[in-house]
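The following exercises are to be worked through with the sequence and the model in view. Each task is followed by a solution in steps.

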Amino acid sequence: MLSVLRLRIKRLKDDVLVILLMTAMALGLTSVFGVSFNTYRPEVVVVDEDQSPYSAMLMNELKQNKSYKFAEKGMDEAVRLVEEGKVLVALQVRKGFNEDLEEGHKISLGFIKIKDDTIVLSLQEEVRGIVTKMAGAIRISELTADYVGSSKGLADVQALELSAYKSTMDYWKYKNPMKITSVVYSTDKESGYDSMKHTMIGFTLFFSMYTMVFSIGTILADKQYRTWQRMMISPVSKGAILGGSMAASYLVGAVQMGILILCGRYLLGVDWGSSILGVLMICAAFVFTVTSLGLMISAFVKTQAQLGAMVPVILTSTSMLGGCMWPLDIVNNKILLFLANLTPQKWALQGIESIAAHGAGFEAAVQPTVVLLAMGALFFSTGIKVLKTE
């Protein structure tokens, strides 16, 4: 087995550039996509046709939301920008907005858009919440001004009303009537979705799979050049030959994942959480699973050309299902979520992200590791069985 392992490692010299290219692509795409997702702020144009104090206050409230970039334009300019796709949506504050707020009438705002998406729908809910808050603050300020003005005989009720309105809005800002808190036990780290971490983990898993599958696929080259047949009749056992090939592929995958983890930590500043041991354990199980998957695929196909045609389809589709390209939290289809459970990427991603992004400890690595080892054992036994029948 050791002699086969040394032989496989020596042959890897021809594939060093490919391994380095895959590693560089993972790091490059992670940095580009991760930074883009973290800094992306869609631009929204506001058309203020009312030009009133309350429309100006609405604009100030909108600018408090740092998820969007708001700019005030005229109607013709806003329509042109939306049509050309330079902005997602334009918000139209129609004439009479100030009067409708003061009189308690139904507020009518316009949205100029080409299509609906999650960003536009989120903006509509944000605007609806701000207007509702403003309307409530106006009612409170009017009642406060009337009561204080009548009881103390103050003449400048309008100034009092404006002061009460500002106080009410400040109270909403710093002491919202609804407060949502979350507690993560066994950790002091901040938790939540981090696009940089998700992208780093997903691309690390995705690109490392290519290297592992193609490295174990050297069995097909041995078959093509009749080396495999000569090895089968040599004194070396079949188990030793397969074990050496598996060990070489496992070593390549482990080294590549280790490089990606270290580069993510020290080059991109990715915090891998409080349990690096749990992350490494999941990665070790994932490498075994993918190596076994490569062995099984190599057992079914006949040539490296067939392997090269099948592997991108299999790995890309399962990576998409497993959540490497986007978080599974945004997927609602039960069939897709069920299929995701059948992919090793989903379990590895879930375990690593629980530790790195959600503040979980070593215990979060146990279930994904067990599932990955079970998948790997199934792939390995299937591949061995097919190879033995040849």
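**Exercise 1.** Determine which residues of strand S3 point one way and which the other way, and whether they are buried or exposed.

*Solution.* The model is a predicted one.
Step 1. Strand S3 comprises residues 89–93. Val89, Leu91 and Val93 point one way, while Ala90 and Gln92 point the other way.
Step 2. This arrangement follows a general rule: in a regular strand, side chains alternate between the two faces of the sheet.
Step 3. A residue is buried if its relative accessible area is under 20%. By this criterion 5 of the 5 residues of S3 are buried, and the strand is mostly covered.

**Exercise 2.** Identify the strands that pair with S3 and state the sense of each pairing.

*Solution.*
Step 1. Strand S1 (residues 43–48) runs parallel to S3, and 5 bridges join the two. In this pairing, Val44 has Val89 of S3 as its bridge partner.
Step 2. Strand S4 (residues 109–113) pairs with S3 in the antiparallel sense, also over 5 bridges. Here Gln92 is matched with Gly110 of S4.

**Exercise 3.** Establish why helix H12 is described as largely enclosed, and which residues Phe286 touches.

*Solution.*
Step 1. H12 has 25 residues and reaches 36 Å from its first C-alpha to its last, close to the 36 Å expected at 1.5 Å a residue.
Step 2. Of these 25 residues 18 are buried, so H12 is largely enclosed by the rest of the structure.
Step 3. The largest nonpolar core has 46 residues; Leu205, Trp272, Phe286 and Ile352 touch the most other members. Helices supplying at least two residues each to this core include H8 (195–216), H12 (276–300) and H15 (344–356).
Step 4. Leaving aside residues up to four places away in sequence, the contacts of Phe286 include Leu205, Met209, Met257, Ala348 and Leu372.

**Exercise 4.** Classify the aromatic pairs that Phe206 forms with Phe207 and with Tyr210.

*Solution.*
Step 1. A pair of aromatic rings is described by the distance of the centres and the angle of the planes. Planes over 60 degrees apart count as edge-to-face.
Step 2. For Phe206 and Phe207 the values are 5.1 Å centre to centre and 65° between the planes, which is edge-to-face.
Step 3. For Phe206 and Tyr210 the centres are 5.4 Å apart and the planes lie at 85°, so this pair is edge-to-face. Being 4 residues apart in helix H8, Phe206 and Tyr210 are separated by about one helical turn.
Step 4. Phe206 counts as buried at 9% relative accessibility, and Tyr210 does at 10%. Together with Phe203 and Phe207, Phe206 and Tyr210 form one aromatic cluster.

Methods
Residues numbered from 1 in each chain as written. Predicted model: local features only at pLDDT ≥ 70, side-chain atom pairs only at ≥ 80, totals over all residues. Heavy atoms only, no water. Core = buried A, V, L, I, M, F, W, Y, C linked by side-chain atoms within 4.5 Å. Buried < 20%, exposed > 50% of the residue type's maximum accessible area, 1.4 Å probe, protein only. Contact = heavy atoms within 4.5 Å. Pairing = 2+ DSSP bridges. Expected span 1.5 Å × (residues − 1). Phe/Tyr/Trp six-rings, centres within 6.5 Å; stacked < 30°, edge-to-face > 60°.
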